[in-house]
Amino acid sequence: MKNSIYIALLPCVALMLASSLFGGFVVNAQRNLKDTIMLNSNGKIVINQSAKMDKLMKCDTVLTLSELENRVVIDDGDGSVVKRAGFRIQVYSSGGSKVGGKAIANSRAATVKSELPEASTYVSYKAPYWRMRVGDFLTREDALVVMEQLKAVFPEFAKDMIVVRDRINYR
């Protein structure tokens, strides 16, 4: 009877011993690494990276390296424009069942251009939707500010307006 109790407790004791040994080792390794960094670095950390990585860190985060090397640059006469990730205000998107989506999108673009000639408008088609979008914004916050202004000028379009991610023209 006594031997069977000892045999039953043996796996439990072995498990506790192993967890204390290996668990303690991991905690000490983490603490030692932290202590080493804090004591030996004097608060300065140096990161060594390749030139390729440096190039990627400074570029558009949506592009792959091959796209970065072959990215689209448009020269419009007064400087180059790079396509990059950003935000636009979607003023119209036709539903799949709406007839005349192209005409509505072009009409809204003309209406916005007549009231705000400095605004960039973009009409596009991605089956089965016609879309009309306004602006080139780097941040969602900038687009939201302008969207509220557009809603005040064009209350009839307000219910359709939304900020969306898009490829923008960036100077």
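Here is a walk through this predicted model, from the overall layout down to a few single residues.

Let's start with the big picture. The protein chain has five helices and five strands. Follow the sequence from one end to the other and the order reads α-α-α-β-β-α-β-β-α-β. Of the 171 residues in the chain, 21% are buried. The accessible surface adds up to about 12500 Å², and carbon and sulfur atoms account for 61% of that. As for how the chain folds back on itself, take the contacts between residues at least 6 apart in sequence: 63% of these join residues at least 24 apart.

Now zoom in on strands β3 and β4. β3 covers residues 121-126 and β4 covers 129-137. The two run antiparallel, with six bridges between them, and a hairpin of two residues takes the chain from β3 to β4. That loop is worth a look if you care about backbone torsions. Pro 128 sits in it, and the peptide bond between Ala 127 and Pro 128 is cis, with omega at about 0 degrees.

You can trace the pairing residue by residue. Tyr 125, in strand β3, stands opposite Trp 130 in β4. Further back along the chain, Val 123 has Met 132 as its bridge partner in β4. Is Tyr 125 buried, exposed or partly exposed? Its relative accessible area is 47%, so Tyr 125 falls into the partly exposed class, since a residue has to be over 50% to be called exposed. Tyr 125 also has a partner to check outside the hairpin: its C-alpha lies 8.1 Å from that of Lys 102, although 23 residues separate the two in sequence.

Thr 121 is another residue of β3. Which residues does Thr 121 contact, leaving aside neighbours within four places in sequence? The list is Ala 109, Val 112, Lys 113, Met 132, Arg 133 and Val 134. For a longer reach along the chain, compare Thr 121 with Val 91: they are 30 residues apart in sequence, and their C-alpha atoms are 9.6 Å apart.

Next, the helix α4, which spans residues 101-115 and includes Glu 115. Glu 115 has a relative accessibility of 51%, so this residue counts as exposed. Its C-alpha is 8.4 Å from the C-alpha of Val 153, with the two positions 38 residues apart along the chain.

Val 153 comes up again in the largest pocket, where it is one of the lining residues. This pocket has a volume of about 190 Å³. Which elements give two or more residues to its lining? They are β4 and α5, the latter running over residues 140-153. The full lining consists of Leu 116, Glu 118, Ala 119, Ser 120, Val 134, Gly 135, Asp 136, Phe 137, Val 146, Gln 149, Leu 150 and Val 153. By character, these residues split into seven nonpolar, three polar and two charged. Val 134 links back to the hairpin story, as it is in this lining and also among the contacts of Thr 121.

Finally, stay with α5 and find Met 147 in that helix. Why does Met 147 count as buried? Its relative accessible area is 6%, and the buried class takes in residues under 20%. Once residues up to four places away in sequence are set aside, Met 147 touches Ile 89, Met 161, Ile 162 and Val 163. Met 161 is 14 residues from Met 147 along the chain, and the C-alpha atoms of the pair are 7.4 Å apart.

To see the contrast in one view, show Met 147, Tyr 125 and Glu 115 together. Met 147 is buried at 6%, Tyr 125 is partly exposed at 47%, and Glu 115 is exposed at 51%.

Definitions and conventions: Residues numbered from 1 in each chain as written. Predicted model: local features only at pLDDT ≥ 70, side-chain atom pairs only at ≥ 80, totals over all residues. Heavy atoms only, no water. Helix = DSSP H or I, 4+ residues; strand = E, 2+ residues; numbered from the N terminus. Pairing = 2+ DSSP bridges. Buried < 20%, exposed > 50% of the residue type's maximum accessible area, 1.4 Å probe, protein only. Contact = heavy atoms within 4.5 Å. Areas by Shrake-Rupley, 256 points an atom, 1.4 Å probe, with all protein chains shown as cover. 1 Å grid on protein atoms, 1.4 Å probe; cavity = no way out; pocket = protein on both sides within 12 Å on 5 of 7 lines; lining within 4 Å. Points joined across faces, edges and corners; volume = space filled by probe spheres on them. Nonpolar A, V, L, I, M, F, W, Y, C, P; charged D, E, K, R; others polar.
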